[in-house]
Structures are given as structure tokens and as C-alpha cells.
Amino acid sequence: MIIAVDGPTASGKGTLAKALAAHFGLPFLDTGLLYRAVGRQVQLHNGNPDDPADALAGCDFPDSILDDAALRTEEVGGLASRVSLHPQVRAALNKRQVDFANQPSGALLDGRDIGTVIAPHADVKLFVTAPAEVRAQRRYDEMQRHGIDVRFADILADIHARDARDMGRADAPLKPAEDALLLDTGDLTIGGAVQAAIALVESRLRKS
């Protein structure tokens, strides 16, 4: 069984994807982490994430970088969004994702183009979203808990900028697959969102 979970930044898709993978006993891949690794690699080598050559060079990152705590920062998240605009970068990372999705044991992947590009044959496709203001508040609260001094207005502006880049890129734009199940987490608690996601997946499986 393959489950694809897509959605914009801070929608809750990562939390839901991990919970679904645990519930259904599936190997899990956070594909966004791969793009963050590319962005981080470019940063470490003082490259330009908007330059196709520098971004492609960043795809040659060591596996150890996936454990770098910096990958979870807002700065590297923004770099990931920028390097993902380059078709060469997406092509370089696609095979790794496709191979993971098609392993015999099944898989659950979360990202922005799983249901549309990486695994269009997935048994279940879930598109997780929430209003930009809600997503910005979540990210703001998270950073405050970690003692990071940020302005809400800056976080919201970054959310809007990422959405525009992810949805507007010519190659594999962020959008729901035609047969995706939509889940708006804006008014849901984490527990409520997890239960809603499990129910949606189980409902789709019963119909297949």
C-alpha cells in the first residue's frame, strides 16, 4: 500500500504523515527533508540557491546532513523552497523518492508533489491544508517555544512567499491530485487531525 500526503508548509502534513505511517505500519519518507538537505548543502558551500548549477551541485549531499538540526529552521526551509524551483534538482531527487515509494513493503511519503508526480498510482492521496494565518501562527508559536525571536508578520510573509513559489513553479507545482482527499486542519487539534486523517484513509481503502 502506498499513501501520498501533500500540502503546503505548516499545514500539519508532516505530523499527520508520521502518525499515519505508524498507524498503518508503513516505511516513512519526509521528502521535504531532501530538499532542505540540498538547500543546506548550498548554504554550507556559500552557493546561490537561485542558481541552477549551484542548486544541482547541492544534490550531492552526504547522508549525514539529514541529521543536521539546521534543516528544521525557517531559513533552510526557505532555501529548500528556492532550490525546488529548478527542474534539474527535482529530477535528481525524484528517483530516490520513486524507489522508496515502490518498495515491496509499501510506503508513506509526504511532500508537495507525491500524489501528482512521485506516486500518482498511490492507493490513497491526502492533501492537507489550512489558512495561511493559521499556519503562520503555528510556526510562530513553535519558534517562540524554542526561544527564537521572530515577528509574526515576517513568518506570515514567508508563508505567502513559499506558497507562491510552490504553487507557481512550472515543474511539479503544489496542487491536490484530482483524486486526493482534502483535509483542512485549520480548526482541528493535533489529535483531531490525526483521527480525521486515519478515518479518511480507511474510508478510501474500504472503497478500493
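A salt bridge here is a side-chain nitrogen of Lys or Arg within 4 Å of a carboxyl oxygen of Asp or Glu. Keep that in mind, and keep in mind that this is a predicted model.

Let's start with one pair. The side chains of Asp166 and Arg112 meet in such a bridge, at 2.8 Å from N to O. Where do Asp166 and Arg112 lie? Asp166 is in helix α8, and Arg112 is in the loop between β3 and α6 (114-118). The two are 54 residues apart in sequence, so the bridge ties together separate parts of the chain. Now the accessibility. Asp166 is buried, with a relative accessible area of 2%. Arg112 is buried as well, at 18%. The cut-off for buried is under 20%, so Arg112 at 18% falls inside it.

There is a network too. Salt bridges that share partners join Glu74, Arg139, Glu142, Asp158 and Arg162 into one network. Hold on to Arg139 and Glu142. They come back with the pocket.

How many salt bridges does a search of the whole structure find? The count is 15. The general idea is familiar: side chains of opposite charge can pair when their charged atoms come close.

Two more pairs from that set. First, Arg40 and Asp68. Their closest N and O atoms are 2.9 Å apart. Arg40 sits in helix α2, while Asp68 sits in the loop between α3 (52-57) and α4. That is 28 residues apart in sequence, so this pair also ties parts together. Arg40 counts as buried, at 17% relative accessibility. Asp68 counts as partly exposed, at 24%.

Second, Asp171 and Arg90. Here the closest N and O atoms are 3.9 Å apart. The salt-bridge limit is within 4 Å, so a pair at 3.9 Å still qualifies. Asp171 is in the loop between α8 and β5, and Arg90 is in helix α5, residues 87-101. The pair links distant parts of the chain, 81 residues apart. Is each partner buried or partly exposed? Asp171 is partly exposed, with a relative accessible area of 30%. Arg90 is buried, at 3%.

Stay with helix α2 for a moment. Gln41 is found there. Gln41 is buried, with a relative accessible area of 11%. What is Gln41 in contact with, leaving aside its neighbours within four places in sequence? The list is Gly58, Asp60, Phe61, Pro62 and Ile65.

On to the pocket. The largest pocket has a volume of about 1200 Å³. Its lining has 46 residues. Which of them lie nearest the centre? Ala10, Gly12, Gly14, Arg139 and Glu142 do. Seven elements are worth naming, since each gives two or more residues to the lining: α1, α2 (31-44), α4 (74-83), β3 (107-111), α7 (132-145), α8 and α9 (190-207). Helix α7 gives the most, with seven residues.

What is the lining made of, by class? It has twelve nonpolar, 16 polar and 18 charged residues. Remember that Arg139 and Glu142, both nearest the centre, are also members of the salt-bridge network.

Ala10 deserves a closer look. It lies nearest the pocket centre along with the four others. Ala10 is in the loop between β1 (2-6) and α1 (13-24). Its phi is positive, about 65°, although Ala10 is not a glycine. Ala10 is buried, with a relative accessible area of 15%.

Ala172 also has a positive phi, near 50°, and is a residue other than glycine. Ala172 is found in the loop between α8 (152-168) and β5 (181-184). Asp171 from the earlier bridge is in the loop between α8 and β5 as well. Ala172 is buried, at 12% relative accessible area.

Last item: aromatic rings. The count comes to one aromatic pair. The rings of Tyr140 and Phe152 have their centres 6.1 Å apart, with their planes at 80°, so the pair is edge-to-face. Planes over 60 degrees apart get that label. Tyr140 is in helix α7 and Phe152 is in helix α8, twelve residues apart. Tyr140 counts as partly exposed, at 22% relative accessibility. Phe152 is partly exposed too, at 29%.

Definitions and conventions
Residues numbered from 1 in each chain as written. Predicted model: local features only at pLDDT ≥ 70, side-chain atom pairs only at ≥ 80, totals over all residues. Heavy atoms only, no water. Helix = DSSP H or I, 4+ residues; strand = E, 2+ residues; numbered from the N terminus. Buried < 20%, exposed > 50% of the residue type's maximum accessible area, 1.4 Å probe, protein only. 1 Å grid on protein atoms, 1.4 Å probe; cavity = no way out; pocket = protein on both sides within 12 Å on 5 of 7 lines; lining within 4 Å. Points joined across faces, edges and corners; volume = space filled by probe spheres on them. Nonpolar A, V, L, I, M, F, W, Y, C, P; charged D, E, K, R; others polar. Contact = heavy atoms within 4.5 Å. Phe/Tyr/Trp six-rings, centres within 6.5 Å; stacked < 30°, edge-to-face > 60°.
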